[in-house]
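The following note sets out several points for consideration alongside the sequence and the coordinates. It proceeds element by element.

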Amino acid sequence: MQLLHIDSAITGDQSVSRQLTAQTVAAWVAAHPGTQVQHLDLAASVVPHLGADALGFRTGQAAATEAQRQENALSEALVSQFLAADVVVIGAPLYNFTIPTQLKAWIDRVAQAGRTFTYTEQGPKGLAGGKTVIVALTRGGVYSASDAGRAMEHQETYLQTVLGFFGITDVRFVRAEGVAMGPEPKAQALAAAESEIRKQTAQAANQSAVAQAA
């Protein structure tokens with residue numbers, strides 16, 4: 001089993017999402033021996049945002065310059081790494097009501113027609129199904145407890161949408177909210193998240209897809 005561990009927080013050792021992804025990966029490996037792990041740190045190895053030279057996979061045009069060849073090679077490496085993973089663990093802190101720009105840049109690279117999705121006469125169809133994705137969400141405030149908070153949050157909702165667009169049905173969220181509201185709320189949030197990690201990593205991979213197939 002191949003596990004891809006993705007971190008996107010820019011705060012280094014102070015990052016709560018990095019703490020939670022590390023715990024998630026360790027718990028998964030302990031529960032599923034033999035899992036092989038690759039780590040992609042999007043803050044340390046920054047994925048450039050899409051520009052004119054990086055649009056080859058969207059336009060179908062062959063690379064004509066060295067810059068275009070390098071961009072195409074990066075996009076291919078990232079989508080191939082993602083497709084090869086059976087399990088993906090993503091750290092996604094809430095920055096300005098959404099995901100970090102580093103994580104969005106990675107998503108833009110792997111969102112490739114013909115690789116992770118396609119369009120049919122019936123509409124879009126995901127091509128990256130059969131994976132389990134566990135997302136560690138961290139938030140300084142509490143957004144899930146009110147309609148107003150949920151309306152402001154474009155982190156979990158966005159990731160649920162884009163991963164579903166890729167055809168992934170087994171998406172599991174671990175949430176730590178209120179981590180900037182003081183020591184006690186942070187401790188409570190981390191304890192709840194750690195409990196959820198144990199629960200989510202104990203399950204076998206691809207449970208939603210298995211249930212649907214049955």
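1. The buried residues of helix H1 (16-31) pack against strands S1 (2-7), S2 (36-41), S3 (87-93), S6 (132-139) and S7 (170-177), and against helix H7 (183-202). The model is a predicted one. The residues of H1 that count as buried are Val-16, Ser-17, Arg-18, Leu-20, Thr-21, Thr-24, Val-25 and Trp-28. An arginine, Arg-18, is thus included in that buried set.

2. The geometry of H1 agrees with expectation. With 16 residues at 1.5 Å a residue, H1 should span 22 Å, and the C-alpha atoms at its ends are indeed 22 Å apart.

3. Two residues of H1 merit individual description. Ser-17, which lies in this helix, is buried because its relative accessibility is 1%, below the 20% limit. Leaving out residues up to four places away in sequence, Ser-17 touches Asp-7, Ala-9, Gly-91, Ala-92, Pro-93, Ala-136 and Thr-138. Thr-24 also belongs to H1 and is likewise buried, with a relative accessible area of 1%. Beyond its neighbours within four places in sequence, Thr-24 is in contact with Val-89, Ile-134, Ile-197 and Thr-201.

4. Where does the largest pocket draw two or more lining residues from a single element? The elements in question are helix H1 and strand S6. The lining comprises 13 residues, and those nearest the centre of the pocket are Thr-11, Val-16, Pro-93, Tyr-95 and Thr-138. Of these, Val-16 is also among the buried residues of H1, while Pro-93 and Thr-138 are among the residues that Ser-17 touches. The space in the pocket amounts to about 170 Å³. In character, the lining divides into six nonpolar residues, six polar residues and one charged residue.

5. The loop between S3 and helix H4 (101-110) deserves attention for its backbone. Asn-96 is found in this loop, and its phi is positive, about 50°, although Asn-96 is not a glycine. Phe-97 lies in the loop between S3 and H4 as well and has a positive phi of about 75°, again without being a glycine. For context, most residues other than glycine have a negative phi. Asn-96 is exposed, with a relative accessible area of 71%, whereas Phe-97 is partly exposed at 37%.

6. Which kind of pair do the rings of Phe-97 and Tyr-143 form? Their centres are 6.5 Å apart and their planes stand at 80°, so the pair is edge-to-face, the angle being over the 60 degrees required. Distant parts of the chain are linked by this pair: Phe-97 is in the loop between S3 and H4, Tyr-143 is in the loop between S6 and helix H5 (147-152), and 46 residues separate the two. Tyr-143 counts as buried, with a relative accessibility of 16%, in contrast to the partly exposed Phe-97.

7. The count of aromatic pairs comes to six. Phe-82, Trp-106 and Phe-166 form one aromatic cluster.

8. Is Leu-103 buried or exposed? This residue of helix H4 counts as buried, at 0% relative accessibility. Apart from residues up to four places away in sequence, Leu-103 touches Ile-6, Ser-8, Leu-42, Ile-90, Gly-91, Ala-92 and Leu-159. Gly-91 and Ala-92 also appear among the residues touched by Ser-17. The C-alpha atoms of Leu-103 and Tyr-143 are 20 Å apart in space, and the two residues are 40 residues apart in sequence.

9. Arg-175 has its place in strand S7. It counts as partly exposed, with 37% relative accessibility. Leaving out residues up to four places away in sequence, Arg-175 touches Leu-137, Glu-156, Ala-189 and Ala-193. Its C-alpha atom is separated by 9.7 Å from that of Ser-144, a residue 31 residues apart from Arg-175 along the chain.

Notes. Residues numbered from 1 in each chain as written. Predicted model: local features only at pLDDT ≥ 70, side-chain atom pairs only at ≥ 80, totals over all residues. Heavy atoms only, no water. 1 Å grid on protein atoms, 1.4 Å probe; cavity = no way out; pocket = protein on both sides within 12 Å on 5 of 7 lines; lining within 4 Å. Points joined across faces, edges and corners; volume = space filled by probe spheres on them. Helix = DSSP H or I, 4+ residues; strand = E, 2+ residues; numbered from the N terminus. Nonpolar A, V, L, I, M, F, W, Y, C, P; charged D, E, K, R; others polar. Expected span 1.5 Å × (residues − 1). Buried < 20%, exposed > 50% of the residue type's maximum accessible area, 1.4 Å probe, protein only. Contact = heavy atoms within 4.5 Å. Phe/Tyr/Trp six-rings, centres within 6.5 Å; stacked < 30°, edge-to-face > 60°.
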